[in-house]
Amino acid sequence: MKDILSSNKLTPPFLGVSTGIESWEGQGTLYRIQSPVDGLEIGSVKGGDKGDFERVIVQSEKAFRKWRLIPAPQRGEIVRQFGDELRKQKDKLGALVSYEMGKSLQEGLGEVQEMIDICDFAVGMSRQLYGLQMHSERPEHRMLEQWHPLGIVGIISAFNFPVAVWAWNTALAWICGNVCVWKPSEKTPFTALACQRIMTEVIKRNHLPEGICSLIIGGKDIGEQMAAHSKVALVSATGSTKMGKSVAQVVAARLGKSILELGGNNAIIISDNADLSHAIPAVVFGAVGTCGQRCTSTRRLIVHASKYDELVNQLIKAYDQIKIGNPLDEKNHVGPLIDKQAVENYVKTIETAIEQGGKVLTGNHVLDSQEFLSGCYVKPTVIEAKSSMEIVQNETFAPILYVMKYSTLEDAIDIQNAVPQGLSSSIFTLNIRESEQFLSVAGSDCGIANVNIGTSGAEIGGAFGGEKETGGGRESGSDAWKSYMRRQTCTINYGDKLPLAQGIKFEL
């Protein structure tokens, strides 16, 4: 097994990021991880099997019995310490995210900043796990509700945000009194191992049981075991809609709880009242950021007919300025796709779009593997399309943007909503009537609706998630913490009589 610290294939920014893989003793599949940046092998990790997972669950149960008894503000203190350690490791961990996953260095650093932000949010929330007190209809009675931890929270995360989404879940789950078991994407295990090591040091320093934070690397079989396990009270899963439907069915069959963050097919509406100087940068970042591999990436651009030609011309000029290359070089805007399978999906999707009547306006090119050694670099692509094209209904994790026209705002909203997914949406307009209609009950059907900003770049203060085939789950801010707890309604009789509800008389 190769240790990332001793590998001579890694560049200096990674020195000092401990992944702790020397302690990993999984009995499952051996994963050899290549960086999409340069095609070189980062290292190998042996994943876990079913027996390993059961051992993790046993340790998690033991840890939960102790962790749940610690007052929430004290649990928040542990999360605060974790956040402080992330601050110390931000540059190195961000670079590791960039190298293992392929997103730009600034996006890698931004992802670690999201982890820090959710820790800050959770620390404050640890003193605000409020219940309600209600007036009873019976004299000398008091009613209230309170919140208790669920137990073990299972987290399945995807490669595109290899650490941030885990932190969204764990920071809140921990302050709520739960313990967490994490199955990261088998495509990005090293960033997960680094995070595990950082939290493990915090746990050891505070003399707490290690089962508060557990990690198991594996494929579909481990995810299925987590979903089916009766001891996992909540499964929070991020990934494809296909995966989410499978998880939802298995968890629901045992009446467990789930949070699902699945596919997005996000649209931006460009009104005839839009300020294009704001719209163009938002569209470009939304479509090409993380090489189109965000669940909130902009997939569809719905443009008023009067603005269409002007916008398309400006958009193509902007795409011509995009610099593609090693994401660790801050001069580059776009790095690689995650692997060659993603490249194949990129090529196949464009071919299908052309077959269905689409017209490529720019892009449609896999970059020469002699210059871009991993063979995972592609040119961001813009395709003139119609909303009726079947391919437009699908989400492809690649920098492919479909552009189409509309005549009335009602038509634009109908086009936006006429896909199975419902994650993020946006409108650019300086007309308050249009913006308010877009945000109204007759407007966007997505979990996120923005005005004069793009579809990507959600802040942790708001609840994150979407509707329809996006899964309906909510993570991160607002009152998303409630998903990680069980509600208990309590009635206390402090009088000397026993009146029944609804005035019922029962005498013996």
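Are F82 and W166 buried or exposed? I looked this up in the predicted model and found that F82 is buried, and so is W166.

**Aromatic rings**

I searched the whole structure for aromatic pairs and got eight. I took F82 and W166 as one of them: the ring centres are 5.9 Å apart and the planes stand at 85 degrees, so I noted the pair as edge-to-face. The cut-off I applied for that label is an angle over 60 degrees. F82 sits in helix α2 (residues 72–101) and W166 in helix α4 (residues 164–175), so I wrote the pair down as a link between distant parts of the chain, 84 residues apart.Next I turned to W166 and W182. Their ring centres are 4.3 Å apart and the planes meet at 10 degrees, so this pair is stacked. W166 belongs to helix α4 and W182 to strand β6 (residues 179–183), so the pair ties together parts 16 residues apart in sequence. I checked burial here too: both W166 and W182 are buried. I then followed the ring pairs onward and found that they link F82, W166, W174 and W182 into a cluster.

**Cysteines**

How many disulfides does a search of the whole structure find? I got zero. I wanted a reason, and looked at two cysteines.

For C195, the closest cysteine sulfur is in C213, at 8.8 Å, which is too far for a bond. A disulfide would need the two sulfur atoms within 2.5 Å. I also noted C195 as buried, because its relative accessibility is 0%.

For C376, the closest cysteine sulfur is in C291, at 9.4 Å, and I ruled out a bond because that is too far. C376 counts as buried as well, at 4% relative accessibility.

**Cavity**

I searched the whole structure for cavities of 30 Å³ or more and found one. The largest cavity holds about 30 Å³ of space. Which residues line the largest cavity? I listed R299, N394, E395, T396, I400 and Y402. I sorted this lining by type and got two nonpolar, two polar and two charged residues.

**Positive phi**

Most residues other than glycine have a negative phi. I therefore made a note of any exceptions I came across.

L255 has a phi near 60 degrees, a positive value in a residue other than glycine. I placed L255 in the loop between α7 (241–253) and β9 (257–261). I entered L255 as exposed, because its relative accessible area is 76%.

N364 is not a glycine either, and its phi is positive at about 60 degrees. I found N364 in the loop between β12 (359–362) and β13 (381–384). Its relative accessible area is 36%, so I entered N364 as partly exposed.

**S60**

Where is S60 found? I traced S60 to helix α1 (residues 50–67). S60 has a relative accessible area of 0%, so I put it down as buried. Leaving out residues up to four places away in sequence, I found that S60 touches I152, V179, V181, G211 and S214.

How values were computed: Residues numbered from 1 in each chain as written. Predicted model: local features only at pLDDT ≥ 70, side-chain atom pairs only at ≥ 80, totals over all residues. Heavy atoms only, no water. Helix = DSSP H or I, 4+ residues; strand = E, 2+ residues; numbered from the N terminus. Buried < 20%, exposed > 50% of the residue type's maximum accessible area, 1.4 Å probe, protein only. Contact = heavy atoms within 4.5 Å. 1 Å grid on protein atoms, 1.4 Å probe; cavity = no way out; pocket = protein on both sides within 12 Å on 5 of 7 lines; lining within 4 Å. Points joined across faces, edges and corners; volume = space filled by probe spheres on them. Nonpolar A, V, L, I, M, F, W, Y, C, P; charged D, E, K, R; others polar. Phe/Tyr/Trp six-rings, centres within 6.5 Å; stacked < 30°, edge-to-face > 60°.
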